[in-house]
Amino acid sequence: MTRWRDPAKDPRQEPKSNLITLEGAERLRGILDHLSRVKRPALSAKVGEAAALGDRSENADYTYNKKELNRVIARIRYLTKRLDELQVIDRLPADTERVFFGAFVTLEDEEGEEMRIRIVGHDETDTQKRWISVDAPLAKALLGKSLDDEISVAAPGGEQTWLITDIEYRMPGDKQ
């Protein structure tokens, strides 16, 4: 049992933006297509074969594949619904001198160390690539800012200050 959380103060209940880049939407569609056309039929066949062997209560192959099939079906349902909700951003902003959705931003901290991030949708965040959600505190602080603007963000180790040293956009469809 989980502990009760006040919905008004629970960060998991904050509404997420429905923005996604063109590349992110294509990736989600590819995953959905693979699950629908390849994975689900293969698992259905395995479940059918295992069910034909007889007693299902003691058939580990049947139980495992049935659970996996249900997980794949749930993921297909989620992706189908999510893709309908998403707004694909397939153009550059009018003012490319400011930070908006899809921007690659280079930041410099007080010690002179640089960090390059990209502001993307909630569904395409990637910590290894340093792609952060548009809903993240750092991204919210950056939106609308220009080159050489300074921003401050509350972090677990205390307040951090960053200087924007570069803003770059890539045409939708270009590979990163």
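Q: How many bridges join strand E3 to strand E4?
A: The model is predicted, with local features needing pLDDT of at least 70, side-chain atom pairs counting only at pLDDT 80 or more, and totals for chains, interfaces and linings using all residues. Residues are numbered from 1 along each chain as its sequence is written, and side-chain values use heavy atoms, without hydrogens and water. Strand E3 covers residues 104–108 and strand E4 covers residues 114–120 (strands, E, are DSSP runs of at least two residues, and helices, H or I, of at least four, numbered from the N terminus). The two strands run antiparallel, and the number of bridges joining them is 5.

Q: Which residue in E4 does Val 105 stand opposite?
A: Strand E3 spans residues 104–108, a range that holds Val 105. The residue opposite Val 105 in E4 is Ile 117.

Q: Which strands are the edge strands of the sheet?
A: The open sheet has 5 strands with mixed pairing, in the order E5-E4-E3-E7-E6. Two strands pair if DSSP finds at least two bridges between them. An edge strand here pairs on one side only, and the two that do so are E5 (131–133) and E6 (150–155).

Q: By what angle are neighbouring strands of this sheet turned against each other on average?
A: The angle is taken between axes, which are lines fitted to C-alpha atoms; angles run from 0 to 180 degrees between N-to-C directions, and for helices the fit covers the stretch in contact. With direction ignored, the average for neighbouring strands is 45 degrees.

Q: Why is H1 described as roughly antiparallel to H2?
A: The axes of helix H1 (residues 22–52) and helix H2 (residues 60–85) come within 9 Å and cross at roughly 155 degrees. Angles under 35 degrees count as roughly parallel, over 145 as roughly antiparallel, 65 to 115 as roughly perpendicular and the rest as oblique. The crossing angle therefore makes the pair roughly antiparallel.

Q: Is Arg 130 buried or exposed, or partly exposed?
A: Arg 130 lies in the loop between E4 and E5. Its phi is near 65 degrees, a positive value in a residue other than glycine. Buried means under 20% relative accessible area, exposed over 50%, and partly exposed in between, with a 1.4 Å probe and protein chains only. Arg 130 has 41% relative accessibility, so it counts as partly exposed.

Q: Is Asp 148 buried or exposed?
A: Asp 148 is found in the loop between helix H3 (137–142) and E6. Its phi is near 70 degrees, a positive value in a residue other than glycine. Because its relative accessibility is 56%, Asp 148 counts as exposed.
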